[in-house]
Amino acid sequence: MSLPQVRTNRHFLPRLFIYLGLLLGTVIYLGPFVWQVRSSLMTLSNIFAYPPILWPEDPQWKNYVDIFSIIPFGTYYFNTIFLVVWNILGTLISNVCIAFALARIPFKGRKTLFALSIGTLMIPSAVTMIPTYIQWSWLGGLNSFWPLIVPSFFGNAFFIFLLVQFFRSIPREYDEAAFVDGAGYPQILLKLIVPMAQPAIAVVVIFTFLNTWNDFMGPLFYLNDNKLFTLALGLKSLLSSYNSYWHLLMAGATLVSLPLILVFFFAQKSFVEGLTAGGIKG
Amino acid sequence: MTFRKDTLWGWLFCLPLALGLTIWVAFPLGVAVVMSLFQWNMISPAKFIGLGNYVFMFFTDHLFWQSLYVMALYTVLSVPLQLIVAFGLALLLNTKAKGMGIFRTIFYLPSLIPVVVSTALWLWMFNPQYGYFNLILDTLGLPTQEWLSSPDMVIPSLVLMSLWSVGNIVIIFLAGLQGIPKELEEATQVDGGNAWHRLRHVILPFMSPVIFYNLVMGVIAGLQVFTQPYIMTNGGPANASLTYVLHLYKQAFQFSKMGYANALALVLLVLTIVLSLVVFKSSDKWVYYEGDKK
């Protein structure tokens, strides 16, 4: 149907524009990162030199080591990873079970539960943060990891939605065959659904990692003790106490981002699936 | 499996959800409603003041109105610009140029890094004396700007920064663009339609549900912006970047006005619901769903 020779002619000029656009976009979007790395390799006097230095002649890689002695960066790493692991555990257990029931078990009240869960997506997190904070103060959970871990064990509307969509796409005949073989719901979930839903589960794990790693408001609200700080909160406190030491701040900023960039390179496909699930499949 | 067994298993598996909706949604909302009627600093006993917090909010607290204005200004400026920039990038990324994987990664990276990191980076880039932007402006012979330290420039600066982290929106647009049937695009080419016709009559109508989704999400995020102004300006200069949630945060944790902060939170909830309804209502007029015309 298509006319190859016409299309090449038609596309010649736009092709040039496309490359120019991509090039311009790359310069604009990559520029800040270049600036970040440049600054992280400077000395303090490089930073405030006039006329400005474009790239340091003698890159100060030791900034990346110094940062660990200025603030307990290692502790922040450990705390962040600790929270990530628990959040992944809680998110996986709760959301897989919930989504399995909502997608595969015909029970009374399931439509209402699903609708209520989706409805919570419309409630801004800022609305419930203060009363939740008050709740935790009544429970004596302030300045501890509890408020940052426990909620993950109660399901997350976005992940429930994503998993329900995926579970529904698995043919029901499998369940029926398993029933005939005498399996119950727990066996069906563990032996059948979970292995088949690996891609969706990977999306949940990666996004939980990302959200926990990047969370700022949660740690800001609940953690006062420097020993409990996460990387995000630690970087903020570094910003407050070393507010003109941009070389160290940028080295710290780079160190906080590196694990995310690594994960992204290994799991690009899952990222795209996770981001588009809400917008398109709905 | 019998009916009763299904119900039993269903509710057992959904127990975390049922409990979660109670403990983390219903109960906090209840606490917010009740506490919004009290004056309470979390130390001395709470004092019932009826609708006092709301009266104070609407009639005395000029910072409430200021924060509403800042929130509205930020949302009105940032959301349309974000959608346009993200749509443009998605159109570029939807072409068959070489090295597309690398380009996608580059445009997504700013959304991947933690907000604290991008905020720290941009705070440094906005530095009036040694920062990235004024260095560029100076090199080009253009007048340098005050950026975050000028009340007029601080919100545009934050908007500019938000345009850098549109990667999530780009990916959603990109997925939508890839869902456009090839025959539809080719049909306009055969009919002699140019790129503009294709955009106006094929791509935009087809993409309207995706644009709608990003619009709703963008507005909800715009109403809640907190971390960037909190870290960069703490609401200044002259409260020009005091967003609603930052105002709420300060009332709660700087001035220990827990009752008042809860009242502010509830007003935000009402605002969000009303705005979402308005956007949903308007969607009949411009959002085209495939199923409609069958």
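This is a short tour of a two-chain predicted model, with a selection to make at each stop.

**Stop 1: chain B on its own**

Start by showing chain B alone and colouring it by secondary structure. You should find 14 helices and two strands. Turn the chain about its principal axes, and the C-alpha trace spans about 75 × 75 × 35 Å. If you shade by burial, 40% of the 294 residues in chain B come up as buried. Contacts are worth a look here too: among those in chain B between residues at least 6 apart in sequence, 66% join residues at least 24 apart.

**Stop 2: where chain B meets chain A**

Now bring chain A back and select the contact between the two chains. On one side you will pick up 75 residues from chain B, and on the other 74 residues from chain A. Next, highlight residues 15–35 of chain B, which form helix 2. With 15 residues, helix 2 of chain B gives the largest share of the side of chain B that touches chain A. Colour that side of chain B by residue class, and 61 residues are nonpolar, twelve are polar and two are charged.

**Stop 3: the two domains of chain A**

Hide chain B and give chain A two colours: one for domain 1, residues 4–63, and another for domain 2, residues 67–281. A distance drawn between the C-alpha centres of domain 1 and domain 2 of chain A comes to 33 Å. Where do they touch? Ten residues of domain 1 of chain A are in contact with nine residues of domain 2 of chain A. On the domain 1 side, helix 1 (4–40) and helix 2 (44–47) of chain A each supply at least two of the touching residues. Helix 1 of chain A gives the most, with four residues. By class, this side of domain 1 of chain A has four nonpolar, six polar and no charged residues.

**Stop 4: helix 14 of chain A**

For the last selection, take residues 246–266 of chain A, which make up helix 14. What span should its 21 residues have at 1.5 Å a residue? The expected value is 30 Å, and the end C-alpha atoms of helix 14 of chain A are 30 Å apart, so the two agree. Look along the axis, though, and you will come to a bend of about 35° at S257(A). Show P259(A) as sticks as well: this proline follows within four residues of the bend. Finally, colour helix 14 of chain A by burial; the buried residues include W246(A), H247(A), L248(A) and L249(A), and S257(A) is also among them.

Conventions: Residues numbered from 1 in each chain as written. Chains lettered and ligands numbered in written order. Predicted model: local features only at pLDDT ≥ 70, side-chain atom pairs only at ≥ 80, totals over all residues. Contact = placed C-beta atoms within 7 Å. Nonpolar A, V, L, I, M, F, W, Y, C, P; charged D, E, K, R; others polar. Expected span 1.5 Å × (residues − 1). Bend = angle between axes of the 7 residues up to and from the residue. Buried ≥ 20, exposed ≤ 12 C-beta atoms within 10 Å, placed from the backbone. Domains from an automatic or database assignment.
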